[in-house]
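Here are a few notes from going through the model, for you to check with the structure open. I start with a helix pair and work outwards from there.

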Amino acid sequence: MRPPRSPVVAWVASRALVIGAAIVLSVLLGLPERGVDPYVPDWLSLLGGWDTTWYLDVARHGYAYDMGQVGEIYTNLAFFPLMPGVMAAAIGISVNPFVAAIVIANVAFLAALWALWSLTRGREGALAADRAVWTLALLPAALYCSLAYTEGLALASAIGASLAAVRGRWAAAGLLAAVASLSRPTGGIVVLLLVMLAVREPGPGRLRRALLTALPSVVAVGAFLAWMAVERGSAFLPFEAQRAWDRGQLGIGIVTAAPREIAAGWDLVADLHFTAAWTATARDLVFLALYGWLLVRLWRREGGLRSPWVAYSAAVLAIPLSSGTITSLARLGLLAFPLVWPLADWVYERPGRPRVAAIAAVLLIVLLVAQLEIRSP
């Protein structure tokens, strides 16, 4: 079979749009509100602000030694080691770590599109695969896969792991899931999907398949947290550090942190404070509504929570929300890649809708790129 063209074409077109808009707007708008690291050229500043600075800090100096105010002030302990490790490796071979990270992130997004095409083709055929790829490529939140962030790597690892599992390559699926798990605290949710796929696979060996998919992530994240306990005094520091970003403890943060966040959001709306915080809140509320609508459509399409794809997508959305805030949900929700299927169904449901959706996506992408100047994604 000839290699598919649509992942490559969709990647080139969408990344040209994102990176082109970022270059133009970086020149016009200047540096993000909190500046950028010296490794980041000014003409790409909108793709290298915010968390990129923290990744570069870990790459240069390691994880912070001052533990006295973890959770009360910002600290690099909140960040998982995958992207800092990539950057540290680049520094070690005298390559600009920002350039290395942004190239790897964008190439990883191409791999994510390719894996999504293969996964969808196996389920629904080549036409549906082409449509899913274009839908993901032009999904406005997918622009974050072109930043020097973890999104490209996490998404590629999650979709690649799913594809490997569907094809019965359980060990490969587990290794890819471990990569996703080391990318960010929510990256390990893909293990839920893999274990459900392993258990639902007919025939003997369910326990063996489940272990092959779950153990690499358990070992990888366990080793990282064990190192944190030995070298920094607590295995829970990466999670405690999240409090500085207004995230409560997973599961109970919705009780302890959500009331404060809701009150702060209401104050912004009531006083008409159209600040950077308000625009970010509006962004994440819009995407929460979009993801929720798509989850309902996926639920109906796949048969409810019995479907691994539905359960996984619901967990991707529910776990960050359980911390008590919607902050960055537009970006974090990208990992719920099965939501692309019902979105593609809707986009291509009627003639003319794909063109309107594409125009709206382009405008939204430019708007979200511009927003990087005043607010973290």
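1. Keep in mind that this is a predicted model. Helices α2 and α3 sit oblique to each other, because their angle of about 55° falls outside the ranges for roughly parallel (under 35 degrees), roughly perpendicular (65 to 115) and roughly antiparallel (over 145). Their axes are 8 Å apart.

2. If you want to see who makes that contact, look at T52, Y55, L56, V58, A59 and R60 on the α2 side. Facing them from α3 are M83, P84, M87, A88 and I91. As for handedness, α2 passes α3 in a right-handed crossing.

3. Now for the loop joining the pair: N76 lies between α2 (51-61) and α3 (82-92). Is N76 buried or exposed? With a relative accessible area of 3%, N76 counts as buried, because the cut-off is under 20%.

4. What does N76 touch, leaving aside residues up to four places away in sequence? The list is W54, D57, V58, G62, Y63 and A64. G62 deserves a second look: its backbone oxygen lies 3.2 Å from a polar atom of the N76 side chain. V58 is also one of the α2 residues in the contact with α3.

5. Last, the largest nonpolar core, which has 101 residues. L136, L143, Y312 and F337 touch the most other members. Helix α4 (residues 97-124) gives the most to this core, with 11 residues.

6. Pick Y312 if you want a way into that core. Beyond four places in sequence, Y312 touches A158, I189, V190, L192, L193, L335, A336, F337 and P338. Among them, F337 is another of the residues that touch the most other core members.

Terms used
Residues are numbered from 1 along each chain as its sequence is written. This is a predicted model: local features need pLDDT of at least 70, side-chain atom pairs count only at pLDDT 80 or more; totals for chains, interfaces and linings use all residues. Side-chain values use heavy atoms; hydrogens and water are left out. Helices (H or I, at least four residues) and strands (E, at least two) are DSSP runs, numbered from the N terminus. Buried means under 20% relative accessible area, exposed over 50%, partly exposed in between (1.4 Å probe, protein chains only). A polar contact is a pair of N or O atoms within 3.5 Å; within protein, one must be able to donate a hydrogen and the other to accept it, and residues adjacent in sequence count only if both atoms are side-chain atoms. Contact means heavy atoms within 4.5 Å. A nonpolar core is a set of buried Ala, Val, Leu, Ile, Met, Phe, Trp, Tyr and Cys residues joined through side-chain atoms within 4.5 Å. Axes are lines fitted to C-alpha atoms, for helices over the stretch in contact, and angles run from 0 to 180 degrees between N-to-C directions. A crossing is left-handed if the near helix is turned anticlockwise from the far one by less than a right angle, and right-handed if clockwise.
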